[in-house]
Amino acid sequence: MKKIEAIIKPFKLDCVREALIEAGIIGLTVTEVRGYGRQRGHIDTYRGAEYLVDFIPKVKLEIVVTDQEVERCIETIMEHAHSGKIGDGKIFVYDLQRAIRIRTKEEDEDAV
């Protein structure tokens with residue numbers, strides 16, 4: 001099993017979520033986050049005054065999948081989160097040692 005974390009632009013969330021459902025990926029946690037990468041923020045103007053926006057709003061998707069679903073999940077996210085502009089985001093893949101469904105006590109792939 002793997003845990004996939006994807007940091008994407010907020011306006012891409014609905015498109016990515018729908019594509020993941022169509023690809024057969026179920027189960028998703030979404031968190032609103034803020035941060036920056038190479039772009040290190042940008043200068044914005046509010047009521048005539050310039051200010052630095054150094055933490056950019058993003059959303060973080062957390063998805064747990066079987067080993068067989070990893071590539072399909074990554075490709076789906078990349079295809080639907082891509083705009084070709086700076087700040088499209090990142091995808092991180094982690095090995096997952098154990099998963100337990102609390103209600104039924106199922107474990108690992110049965111719990112996913």
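## Exercises on a predicted model

Aspartate 108 sits in the segment after β6. The model is predicted.

**Exercise 1. Describe aspartate 108: what is the sign of its phi, and which patch does it belong to?**

Solution.
- Step 1: start with the backbone. Aspartate 108 is not a glycine, yet its phi is positive, at about 55°.
- Step 2: turn to exposure. Buried means under 20% relative accessible area, and exposed means over 50%. Aspartate 108 has 30% relative accessibility, so it counts as partly exposed.
- Step 3: look for its companions. Asp67, Asp108, Glu109 and Asp110 gather in a patch on the surface. The charge of this patch is negative.

**Exercise 2. Place aspartate 110, and say whether it is buried or exposed.**

Solution.
- Step 1: aspartate 110 is found in the segment after β6.
- Step 2: its relative accessibility is 58%, so aspartate 110 counts as exposed.
- Step 3: add a distance. Aspartate 110 and isoleucine 100 are ten residues apart along the chain. Their C-alpha atoms are separated by 8.5 Å.
- Step 4: recall the patch. Asp110 is one of its members, and Asp67 is another.

**Exercise 3. What is the phi of lysine 105, and how exposed is this residue?**

Solution.
- Step 1: lysine 105 lies in the segment after β6.
- Step 2: its phi is near 65°. That is a positive value in a residue other than glycine.
- Step 3: lysine 105 has a relative accessible area of 65%, so it is exposed.

**Exercise 4. How many salt bridges are there, and which residue pairs with lysine 9?**

Solution.
- Step 1: recall the principle. Side chains of opposite charge can pair when their charged atoms come close.
- Step 2: apply the cut-off. The side-chain nitrogen of Lys or Arg must be within 4 Å of a carboxyl oxygen of Asp or Glu. The count comes to six salt bridges.
- Step 3: find the partner. Lysine 9 forms a salt bridge with aspartate 88, with 3.7 Å between the closest N and O atoms.
- Step 4: locate both ends. Lysine 9 is in the loop between β1 (2–8) and α1 (13–22). Aspartate 88 is in the loop between α2 (70–81) and β6. The pair links distant parts of the chain, 79 residues apart.
- Step 5: check exposure. Lysine 9 and aspartate 88 are both buried.

**Exercise 5. Where is serine 83, and how far is its C-alpha atom from that of lysine 9?**

Solution.
- Step 1: serine 83 lies in the loop between α2 and β6.
- Step 2: its relative accessible area is 30%, so serine 83 is partly exposed.
- Step 3: the C-alpha atoms of serine 83 and lysine 9 are separated by 9.5 Å. Along the chain, these two residues are 74 residues apart.

**Exercise 6. Which residues form salt bridges with arginine 98 and arginine 101, and which residues are joined into one network?**

Solution.
- Step 1: take arginine 98. Its partner is glutamate 107, and the closest N and O atoms are 3.1 Å apart.
- Step 2: judge the exposure of this pair. Arginine 98 has a relative accessible area of 52%, so it is exposed. Glutamate 107 has 34%, so it is partly exposed.
- Step 3: take arginine 101. Its partner is glutamate 106, and the closest N and O atoms are 3.5 Å apart.
- Step 4: judge again. Glutamate 106 counts as partly exposed at 30% relative accessibility. Arginine 101 counts as partly exposed at 27%.
- Step 5: look for shared partners. Lys3, Glu5 and Glu62 are joined into one network by salt bridges that share partners.

**Exercise 7. How many aromatic pairs are there, and why is the pair of tyrosine 36 and phenylalanine 55 classed as tilted?**

Solution.
- Step 1: note what is needed. A pair of aromatic rings is described by the distance of the centres and the angle of the planes.
- Step 2: count. There is one aromatic pair.
- Step 3: classify. The ring centres of tyrosine 36 and phenylalanine 55 are 5.7 Å apart, and the planes stand at 55°, so the pair is tilted. The angle cut-offs are under 30 degrees for stacked and over 60 for edge-to-face.
- Step 4: locate. Tyrosine 36 is in the loop between β2 (29–35) and β3 (42–46). Phenylalanine 55 is in the loop between β4 (49–53) and β5 (56–65). They are 19 residues apart.
- Step 5: check exposure. Tyrosine 36 is partly exposed at 48%. Phenylalanine 55 is partly exposed at 38%.

Conventions:
Residues are numbered from 1 along each chain as its sequence is written. This is a predicted model: local features need pLDDT of at least 70, side-chain atom pairs count only at pLDDT 80 or more; totals for chains, interfaces and linings use all residues. Side-chain values use heavy atoms; hydrogens and water are left out. Patches are made of residues with over 30% relative accessible area and no salt bridge: like charges are joined within 9 Å, nonpolar side chains (Val, Leu, Ile, Met, Phe, Trp, Tyr) within 5 Å. Accessible areas come from the Shrake-Rupley method with a 1.4 Å probe; for residues, only the protein chains shown count as cover. Lys and Arg count as positive and Asp and Glu as negative; His and the chain ends are not counted. The place of a charge is taken as NZ of Lys, CZ of Arg, CG of Asp or CD of Glu. Rings of Phe, Tyr and Trp (its six-membered ring) pair if their centres lie within 6.5 Å; planes under 30 degrees apart count as stacked, over 60 as edge-to-face and the rest as tilted. Helices (H or I, at least four residues) and strands (E, at least two) are DSSP runs, numbered from the N terminus. Buried means under 20% relative accessible area, exposed over 50%, partly exposed in between (1.4 Å probe, protein chains only).
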